[in-house]
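Trainee: I would like a close look at a single part of this model, please. Could you walk me through it and then link it to its surroundings?

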Amino acid sequence: MSQTPPDLARPDAASRAVGEASLRLLAGAVSRKTMDQLRRTLQQSTAEFPWQVVTQAILAEPVETQRLLQQGLQAQRDWIMRGGREEPGTPVRVRAKGLLAKLCAQAIFLSLFSVVLIVALLLLKYKIPGFDIYRVLEWLYELFPSLRR
């Protein structure tokens with residue numbers, strides 16, 4: 001594309017340069033070496049994003065225009081087919097841990113509930129010796145005869 005570095009102080013030239021840099025990134029036309037250099041530059045940058053340095057470094061790499069456009073259009077098509085920016089879902093490992101935690105919590109709750117219910121029934125039997133839990137069952141059978149086998 002352009003061989004001379006663009007004047008990033010002018011808004012129209014800066015817009016074109018950033019668009020061209022974005023196309024190269026989208027198309028995967030930036031070398032691994034340049035990406036590693038840019039990553040180090042960003043990690044060392046304590047202030048704001050050094051977009052001018054990044055843009056100049058990306059545009060300084062030579063690139064075959066026809067190949068860049070083909071790769072860019074393919075990436076654009078994939079972007080649209082995917083529905084936009086890729087939002088990775090939660091990994092299977094995290095979902096499995098969440099499911100295990102949920103099952104453990106439910107098991108603990110069910111155990112505690114069962115213990116409380118049994119203690120309540122025993123206390124009821126102790127306080128009212130004539131109480132029979134099966135009376136409730138017979139009462140339900142009278143209300144709903146279809147429950148009886």
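Is Phe109 buried or exposed?

Mentor: Happy to take you through it, and please keep in mind that this is a predicted model. Phe109 counts as exposed, at 58% relative accessibility, since the cut-off for that class is over 50%.

Phe109 also has a ring partner. When the whole structure is searched, one aromatic pair turns up. Its members are Phe109 and Phe113, and the pair is stacked, with 6.1 Å centre to centre and 20 degrees between the planes. The angle falls under the 30 degrees required for stacking, and the distance lies within the 6.5 Å required for pairing. As for the partner, Phe113 is partly exposed, its relative accessible area being 45%. Both rings belong to helix H5, residues 92-127, where the two positions are four residues apart and so separated by about one helical turn. An α-helix has 3.6 residues a turn, so residues three or four places apart point the same way.

Let us follow helix H5 further along. Leu121 sits in this helix and is partly exposed, with 36% relative accessible area. From Leu121 to Phe131 is ten residues along the chain, and their C-alpha atoms are separated by 9.7 Å. Lys127 is in helix H5 too, and at 66% relative accessibility Lys127 counts as exposed. Lys127 and Glu138 are eleven residues apart in sequence, with 21 Å from C-alpha to C-alpha.

For a contrasting part, turn to helix H1. Its 17 residues should span 24 Å at 1.5 Å a residue, and the C-alpha atoms at its ends are indeed 24 Å apart, so the two values agree. The buried residues of H1 are Ala13, Ala14, Ala17, Glu20, Ala21, Arg24 and Ala27. These residues cover an arc of only 165 degrees around the axis, which means that they are on the same side of H1. Ser22, also in helix H1, counts as partly exposed at 40% relative accessibility. Ser22 and Leu59 are 37 residues apart in sequence, yet their C-alpha atoms are 10.0 Å apart in space.

Helix H1 brings us to the largest pocket, which has a volume of about 250 Å³. Helix H1 (11-27), helix H2 (32-44) and helix H3 (51-60) are the elements that each give two or more residues to the lining of this pocket. There are 13 lining residues, and those nearest the centre are Leu25, Leu38, Phe49, Val54 and Ile58. Sorted by class, the lining holds ten nonpolar, two polar and one charged residues.

To return to your starting point, then: Phe109 is an exposed residue, and its ring stacks with that of Phe113.

Note on methods. Residues numbered from 1 in each chain as written. Predicted model: local features only at pLDDT ≥ 70, side-chain atom pairs only at ≥ 80, totals over all residues. Heavy atoms only, no water. Phe/Tyr/Trp six-rings, centres within 6.5 Å; stacked < 30°, edge-to-face > 60°. Buried < 20%, exposed > 50% of the residue type's maximum accessible area, 1.4 Å probe, protein only. 1 Å grid on protein atoms, 1.4 Å probe; cavity = no way out; pocket = protein on both sides within 12 Å on 5 of 7 lines; lining within 4 Å. Points joined across faces, edges and corners; volume = space filled by probe spheres on them. Nonpolar A, V, L, I, M, F, W, Y, C, P; charged D, E, K, R; others polar. Expected span 1.5 Å × (residues − 1). Arc of directions from axis to C-beta.
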